[in-house]
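Hi everyone, thanks for coming. I'd like to walk you through one structure today, and I'll try to keep it friendly for those who are new to this. Please have a look at the screen.

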Amino acid sequence: MINKLGQVMVYVEDQDKAVKFWTEKAGFAVIADEGSKDQGLRWIEIAPTKEAETTIVLHDKEVVSKLSPELELGTPSLMFYTDGVEQLYADFEERGVMTGELVDMGAGRSFNFADDEGNYFAVMERA
């Protein structure tokens, strides 16, 4: 029986650029930085906090495509939750994150944002 989602794999063009976006602009923490590009495989585990149960693992898209050409390497559609959507929206805009309009979704306010590679994600207000 599956009882939780542990990790989400996100395949990126530039791992260093991606980690910089997620830590400096989105406020995430690095949980682990394993392997090395020199050895052929490096993965960087990030999360909103070090205590988060579900983490994102940033993989090098080019390396993974060579190791497993059958994998779908598109960006997953991720919905993050926040209890301070207005403040997060303002913080993202101040940090230069490309954001969409803050909209009321009925179940809460939401906005989308893009990382520095143009991958889009969403955030919804939820306590």
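Let me start with a single residue: Lys66 is exposed, because its relative accessible area is 62%, and exposed means over 50%. Before I go on, please keep in mind that this is a predicted model.

Now, which residue does Lys66 pair with in a salt bridge? The partner is Glu62, and the closest N and O atoms of the two are 3.2 Å apart. Both residues sit in helix 2, which covers residues 61-67, and they are four residues apart there, so about one helical turn separates them.

Let's stay with salt bridges for a while. How many does the structure hold? There are eight salt bridges. I'll show you two others, and both join parts of the chain that are far from adjacent in the numbering.

Take Arg42 and Asp16. These two form a salt bridge, with 2.8 Å between the closest N and O atoms. Arg42 belongs to strand 3 and Asp16 to helix 1, residues 15-25, so this pair ties together parts that lie 26 residues apart in sequence. Is Arg42 buried or exposed? Arg42 counts as buried, because its relative accessibility is 16% and the cut-off for buried is under 20%. Asp16, on the other side of the bridge, is partly exposed, with a relative accessible area of 47%. There is a third member here as well: Asp16, Asp33 and Arg42 are joined into one network by salt bridges that share partners.

The other bridge is between Asp116 and Lys25, whose side chains meet at 3.2 Å, N to O. Where do these two residues lie? Asp116 is in the loop between strand 8 (109-114) and strand 9 (120-125), while Lys25 is in helix 1, so the pair ties together parts that are 91 residues apart in sequence. Asp116 is partly exposed, at a relative accessible area of 35%. Lys25 counts as partly exposed too, at 21% relative accessibility.

While we are at that loop, please find Gly118. Gly118 also lies in the loop between strand 8 and strand 9, and at 43% relative accessibility it counts as partly exposed. Compare its place with that of Ile31: the two are 87 residues apart along the chain, and their C-alpha atoms are separated by 23 Å.

Let's do the same back in helix 1, where Thr23 is found. Thr23 counts as partly exposed, at 27% relative accessibility. From Thr23 to Thr75 there are 52 residues in sequence and 18 Å in space, C-alpha to C-alpha.

Next, the empty spaces. How much space lies in the largest pocket? The answer is about 160 Å³. Its lining includes Leu5, Val8, Phe28, Pro48, Met79 and Phe80. Strand 4 (55-60) and strand 5 (79-82) each supply at least two residues of this lining. By class, the lining has nine nonpolar, two polar and one charged residues. Glu53 is among the lining residues, and because Glu counts as charged, you can spot the charged one for yourselves.

There is also a cavity. A search of the whole structure finds one cavity of 30 Å³ or more, and about 30 Å³ of space lies in the largest cavity. Which residues line the largest cavity? They are Gln15, Lys37, Gly40, Leu41, Arg42, Asp60 and Val63. You have met Arg42 already, as the salt-bridge partner of Asp16. By class, this lining has two nonpolar, two polar and three charged residues.

Two of those lining residues give us another distance to look at. Gly40 and Asp60 are 20 residues apart along the chain, and 9.7 Å separates their C-alpha atoms. Gly40 itself lies in the loop between strand 2 (29-36) and strand 3, and it is partly exposed, with a relative accessible area of 31%.

Finally, let's turn to the surface. Leu41, Trp43 and Leu67 make a nonpolar surface patch of about 270 Å². Trp43 is found in strand 3, residues 41-47, and it is partly exposed, with a relative accessible area of 33%. Leu41 plays two parts in this tour: it helps to make the patch, and it is one of the residues that line the largest cavity.

That's my tour. Thank you for listening!

Terms used:
Residues numbered from 1 in each chain as written. Predicted model: local features only at pLDDT ≥ 70, side-chain atom pairs only at ≥ 80, totals over all residues. Heavy atoms only, no water. 1 Å grid on protein atoms, 1.4 Å probe; cavity = no way out; pocket = protein on both sides within 12 Å on 5 of 7 lines; lining within 4 Å. Points joined across faces, edges and corners; volume = space filled by probe spheres on them. Patch = residues over 30% accessible without salt bridge, like charges linked within 9 Å, V, L, I, M, F, W, Y side chains within 5 Å. Areas by Shrake-Rupley, 256 points an atom, 1.4 Å probe, with all protein chains shown as cover. Salt bridge = Lys/Arg side-chain N within 4 Å of Asp/Glu carboxyl O. Buried < 20%, exposed > 50% of the residue type's maximum accessible area, 1.4 Å probe, protein only.
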